[in-house]
Amino acid sequence: MNMKSDDIILSGKGVTKIYGFGPNRTVAVDHVDFSFKRGEVISIVGESGSGKTTLAKMLLGLTSLSDGQIYFEGKLRDIRTHRQKREYWKNCQAIFQDPFASFNIFRKIDAVLLDCIRLRHGRRLPDEQKVEMMREACRFVNLKWEELTNKYPFELSGGQQQRLMIARIFLLRPKILLADEPTSMIDACSRATILDMLMDLRSEIGMTPIFITHDIGLAYYVSDTVYIMEHGRFVESGSADDVILRPKEAYTRRLLDDVPKLHEEWDLSTV
Ligand SMILES: Nc1ncnc2c1ncn2[C@@H]1O[C@H](COP(=O)(O)OP(=O)(O)OP(=O)(O)O)[C@@H](O)[C@H]1O
Ligand SMILES: [Mg+2]
């Protein structure tokens with residue numbers, strides 16, 4: 001990346017989330033430290049239940065921290081008021097496993113996209129300009145604007161919903177995009193398309209993507225830096241090559257065992 005190496009966009013110290021009390025107490029995220037560099041592609045990889053989505057929710061400010069601090073662009077993040085949250089969400093956005101869960105089902109697609117324009121630009125733009133921006137966003141994700149107006153998100157196919165989510169991000173232009181298993185619901189072909197679109201969007205708007213996944217192969221394919229998560233902790237992190245091709249932890253090797261193909265390629269490359 002052509003970025004300054006000390007340009008940290010998001011970092012955390014001792015970030016912890018504990019759900020429940022007494023016998024129901026679950027430490028979902030357990031004192032994790034991290035620093036994400038601007039412009040890098042980051043992946044957080046771990047098994048089901050390792051705390052990935054919980055961490056993503058804390059990074060987004062959707063759930064509070066039980067302990068620890070998060071810093072955005074070097075400053076302690078303060079999102080106590082609704083106004084501060086809105087301001088933060090201009091910079092930090094997400095797409096989730098289930099695109100359907102990301103939309104308010106009672107809002108039509110134009111309203112969904114107009115909300116994004118309003119969050120970013122306020123109310124001052126003329127209508128024609130807003131329509132042009134929505135058309136451009138739809139073009140970027142290969143959706144036809146004419147076929148979308150006046151429809152509800154649930155009237156779209158799964159793949160179209162995924163692309164609509166990316167159109168939202170195109171309009172919002174956040175500095176950070178958290179993508180929690182963005183491709184798990186779709187077939188391999190649209191999966192590659194979605195990833196390509198996210199990577200294009202990354203260069204187009206210069207955002208820092210954070211992929212959250214159990215798929216270590218995907219992490220290797222897309223990322224500069226990988227964090228391996230086990231039982232709420234980061235057990236290993238570093239460049240994708242170091243972590244995935246030269247894992248130090250048994251847990252990482254175990255994740256890799258589920259991806260025989262990657263192993264074979266690696267074995268061949270070492271001969
Ligand atoms: N709202 C909640 N209340 C109580 N416990 C929760 C809540 N959300 C998550 N947990 C627990 O926290 C732990 C981590 O869950 P989390 O959803 O973060 O895992 P994950 O890594 O995203 O898993 P997956 O790969 O299956 O999505 C799990 O033990 C889960 O049961
Ligand atoms: Mg999850």
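**View 1. Helix 1 lies across strands 3, 6, 7, 8 and 9 of a predicted model.** The angle between helix 1 and strand 7 (176-180) is about 155°. Strand 8 (208-213) is also among the strands that helix 1 crosses. Helix 1 spans residues 52-60 and lies across strands of the other sheet too: strand 1, strand 2 and strand 4 (67-72). Here the angle, taken to strand 2, is about 60°.

**View 2. Six strands form an open sheet with mixed pairing.** Their order is 6-7-8-3-9-10. Strand 6 (92-95) and strand 10 (233-239) each have a single partner strand, so one side of each has no neighbour in the sheet. From one strand to the next, the twist averages 20°. Within this sheet, strand 3 (residues 42-46) runs parallel to strand 9 (residues 225-230). The pair is joined by 5 bridges. Look for Ser 43: its opposite residue in strand 9 is Val 226.

**View 3. Four strands form an open sheet with antiparallel pairing.** The strand order is 2-1-4-5. Strand 2 (26-37) and strand 5 (75-76) are the edge strands, and each pairs on one side only. Strand 1 (residues 8-19) is antiparallel to strand 2, and 8 bridges join the two. One residue pair to find is Gly 12 with its bridge partner in strand 2, Phe 34.

**View 4. The shell around ligand 1 holds 13 residues.** The closest are Tyr 19, Ala 28, Ser 48, Thr 53 and Thr 54. Two elements, strand 2 and helix 1, each give two or more residues to this shell. Helix 1 gives the most, with 3 residues. What is the make-up of the shell by class? It has 10 polar residues, 2 nonpolar and 1 charged.

**View 5. Val 29 sits in strand 2.** Is Val 29 buried or exposed? Val 29 counts as buried because it has 29 C-beta neighbours inside 10 Å, where the cut-off is 20 or more. Beyond its neighbours within four places in sequence, Val 29 contacts Val 15, Thr 16 and Lys 17, among others. The list also includes Gly 51, Thr 54, Leu 55, Met 58 and Gly 232. For scale, take Thr 53: its C-alpha is 9.7 Å from that of Val 29, across 24 residues of sequence. Thr 53 is also one of the closest residues to ligand 1.

**View 6. Helix 7 is mostly covered.** This helix runs over residues 158-172. Of its 15 residues, 13 are buried. The distance from its first C-alpha to its last is 21 Å, close to the 21 Å expected at 1.5 Å a residue. Arg 173 comes just after helix 7 and has a positive phi of about 50°.

**View 7. The whole chain contains 12 helices and 10 strands.** The chain has 271 residues, and 35% of them are buried. How much of the contact set links residues 24 or more positions apart? Among contacts with a separation of 6 or more, the share is 67%.

Note on methods. Residues numbered from 1 in each chain as written. Chains lettered and ligands numbered in written order. Predicted model: local features only at pLDDT ≥ 70, side-chain atom pairs only at ≥ 80, totals over all residues. Pairing = 2+ DSSP bridges. Contact = placed C-beta atoms within 7 Å. Axes fitted to C-alpha atoms, helices over the stretch in contact; angles between N-to-C directions. Near = placed C-beta within 6 Å. Nonpolar A, V, L, I, M, F, W, Y, C, P; charged D, E, K, R; others polar. Buried ≥ 20, exposed ≤ 12 C-beta atoms within 10 Å, placed from the backbone. Expected span 1.5 Å × (residues − 1).
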